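Hi,

Here is the structure I said I would pass on. Have a look at it first, and my notes follow underneath.

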Amino acid sequence: MLSLRELTRAGAILAERLGGARLARTVQRGRFELVLVLETGGGGEPRRKQALLASCAPRLARLSLLAEAPPAPKALASLPQYLHAHGRGLRLAQLSVAAGDRIARLRFTGPEESLEIVLALMGGRSNLYVLDAEGKLRMALRPVEQTRRDLALGKPWRDPEAAARPEGDDRFEDLADDVFFEALEAEAAQLERSGDTRGSVSTLRRALRRRIQTLERKQALLEQDEAAGERAVELEQMGELLKANLHRVKRRDPELQVAEPGSGKPRTIPLDPALGPGENLEAIFRRYRKELKRAKRAGVEAPEVRGQLTRMRGLADELEGLAEAGAEPAAFEALAAQPELARLLERARPPSRPPGEGARRRPAGVSARLLPKRYRSRTGLEIWVGKSDEGNDHLTTRLARGKDLFFHLDGSPGSHVVLRTEGRADPPSEALLEASELAVHFSKQRGSSRAGVHVSPIKNVRKPSGAKPGLVMVTGGRTLALRHDPARLRRILEARIPEEE
């Protein structure tokens, strides 16, 4: 993270280079980075695009200039989508850093609109905020409740409490301004690789531990199966003895006493009284074949499992040795590149999806008709609408979570509508109105100029036992008196998020 002295220097350089630049587009990189692609020049000077990076990553929060702009994504995330709608074409009128605090403010203005981007470098609570022309908080790169509990979307922005911040050192004070950002990004890349290595070590350690535990369980089962070989020999002997004395067995006999050939030693053969003599004989040989099969399989698999377990334990010891020695990232990378560990890492890491990809893959085993329609509200929250009675049940009882809100019209059948609040206790009023518009639009009251829409937390929605599809019971909540706004309905309908089959 930049020190106050470094942030102040970065702000001064950027203000000189980018003052008056036009905002062309924005790209979100991962969870914590926003790239503002600005166009400088014009008026006789050659036009040039500059990529301004605003990062609120806890360890790597910074304001910087990239060597080149990232490619445009296939779909925009919610914050870039907002900036595309309200900030594209605006010019950077001011870039300043708060005195005594690691807060950078970028003000963009135009003939009709203006907005401000606030980058707060606060360690683990770093965040990027977007304010409208009235100074109200409209968007944030990270959930606001994770970084500033005193703020809320749709409410006026408040500067954090003033506190004297140490200026810190400028790690690049010996470098000229022309290479300041190049050095800054090189250092950030190295720190990111170091962080990735630590994350990979933790992931690999967990994956190895799980693999070793799995192999140990499998080895224990195979050892039991290896013992089945001795039981198979005993069952074979019993079967042969019974076969030779089958004429002596009567139905309902619980056992048969015989003498072993040669030694004359007495032997008891247990029988099933419910079975006849021939059936008991077949049952013993059936058990014999089963135990013999288990023993043969164990004989083949057990050596391989023991070998795998030895290798995994050796690799785990090697990993811990590197960690204790504080080895360089390259040593961990070389270890992780071994085929067995590479496969473990691949399985351990969840599949990633580029930020802003609106389309999603259908979960395995879930029919497309059960998945809801998805719409993105003006404030970035998603609104989900059931497609059918079964889809309504799936949405309300399986997909909705936490503080999500359920919308419906009393006494008027229609689709279930859920506002995904992302854990917010007080979602923006605009999102509530948009969800209400969809609840009316997908109900029997479609076209009504006024309607009462009941809103309740999803925890108050219950599916009665044996109830028909789509029928739920709702308790608590409140009723919103909606005055239909055709423009608002049209906008939210046009904001549908595509599905990927």
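Let me start with a hairpin. Strand 5 and strand 6 form one with five residues between the strands, and in it Gly 100 takes a positive phi near 80°. Before you go further, keep in mind that this is a predicted model.

The two strands of that hairpin run antiparallel, with six bridges joining strand 5 (residues 91-97) to strand 6. If you want a pair to click on, try Leu 95, which stands opposite Leu 106 in strand 6. Strand 6 itself (residues 103-109) is mostly covered, as five of its seven residues are buried.

Strand 6 also has a partner in strand 7. A hairpin of four residues links strand 6 to strand 7, and seven bridges join strand 6 to strand 7 (residues 114-120), again in an antiparallel arrangement. Here Arg 105 has Val 118 of strand 7 as its bridge partner.

While you are in strand 7, take a look at Ser 114, which lies there. Is Ser 114 buried or exposed? Its relative accessible area is 16%, so Ser 114 counts as buried, given that the cut-off for buried is under 20%. Leaving aside neighbours within four places in sequence, Ser 114 is in contact with Leu 90, Arg 107, Phe 108, Thr 109, Asp 132 and Ala 133.

Another buried residue is Val 258, with a relative accessible area of 6%. You will find Val 258 in strand 10 (residues 255-259). Beyond its neighbours within four places in sequence, the contacts of Val 258 include Leu 241, Asn 245, Arg 248 and Lys 265, and Pro 266, Arg 267 and Ile 269 are in contact with Val 258 as well. For a sense of distance, Val 258 and Ser 202 are 56 residues apart along the chain, and their C-alpha atoms are separated by 63 Å.

Now for the helices. Helix 5 (residues 277-325) packs with helix 6 at an angle of about 170°, and their axes are 10 Å apart. Helix 5 and helix 6 are therefore roughly antiparallel to each other. Where they meet, Leu 315, Glu 318, Leu 319, Leu 322 and Ala 323 come from helix 5, while Ala 331, Phe 332 and Leu 335 come from helix 6.

Which residues of helix 6 (residues 329-336) are buried? They are Phe 332, Leu 335 and Ala 336. Seen down the axis of helix 6, these buried residues fall within an arc of 95°, so they line one face of the helix. On the face turned away from that buried side, helix 6 carries the exposed residues Ala 330 and Ala 334.

Further along there is an open sheet of seven strands, in the order 19-16-14-15-13-12-20, with antiparallel pairing. Its edge strands are strand 19 (478-483) and strand 20 (496-497), each of which pairs on one side only. Within the sheet, three bridges join strand 13 (residues 382-385) to strand 15, and Ile 383 stands opposite Leu 419 in strand 15.

Last, a word on confidence. The protein chain has a mean pLDDT of 86, and 93% of its residues reach 70 or more. Among its elements, strand 15 (residues 417-419) has the highest mean pLDDT, 96, and helix 7 (residues 339-348) the lowest, 78. Over residues 351-362 pLDDT stays under 50, and there the model has 33 contacts beyond four places in sequence. Where pLDDT is low, the predicted coordinates should not be read in detail.

Cheers

Key. Residues are numbered from 1 along each chain as its sequence is written. This is a predicted model: local features need pLDDT of at least 70, side-chain atom pairs count only at pLDDT 80 or more; totals for chains, interfaces and linings use all residues. Side-chain values use heavy atoms; hydrogens and water are left out. pLDDT is the predictor's confidence in each residue, from 0 to 100. Contact means heavy atoms within 4.5 Å. Buried means under 20% relative accessible area, exposed over 50%, partly exposed in between (1.4 Å probe, protein chains only). The arc is that of the directions from the helix axis to the C-beta atoms. Two strands pair if DSSP finds at least two bridges between them. Axes are lines fitted to C-alpha atoms, for helices over the stretch in contact, and angles run from 0 to 180 degrees between N-to-C directions. Angles under 35 degrees count as roughly parallel, over 145 as roughly antiparallel, 65 to 115 as roughly perpendicular and the rest as oblique.
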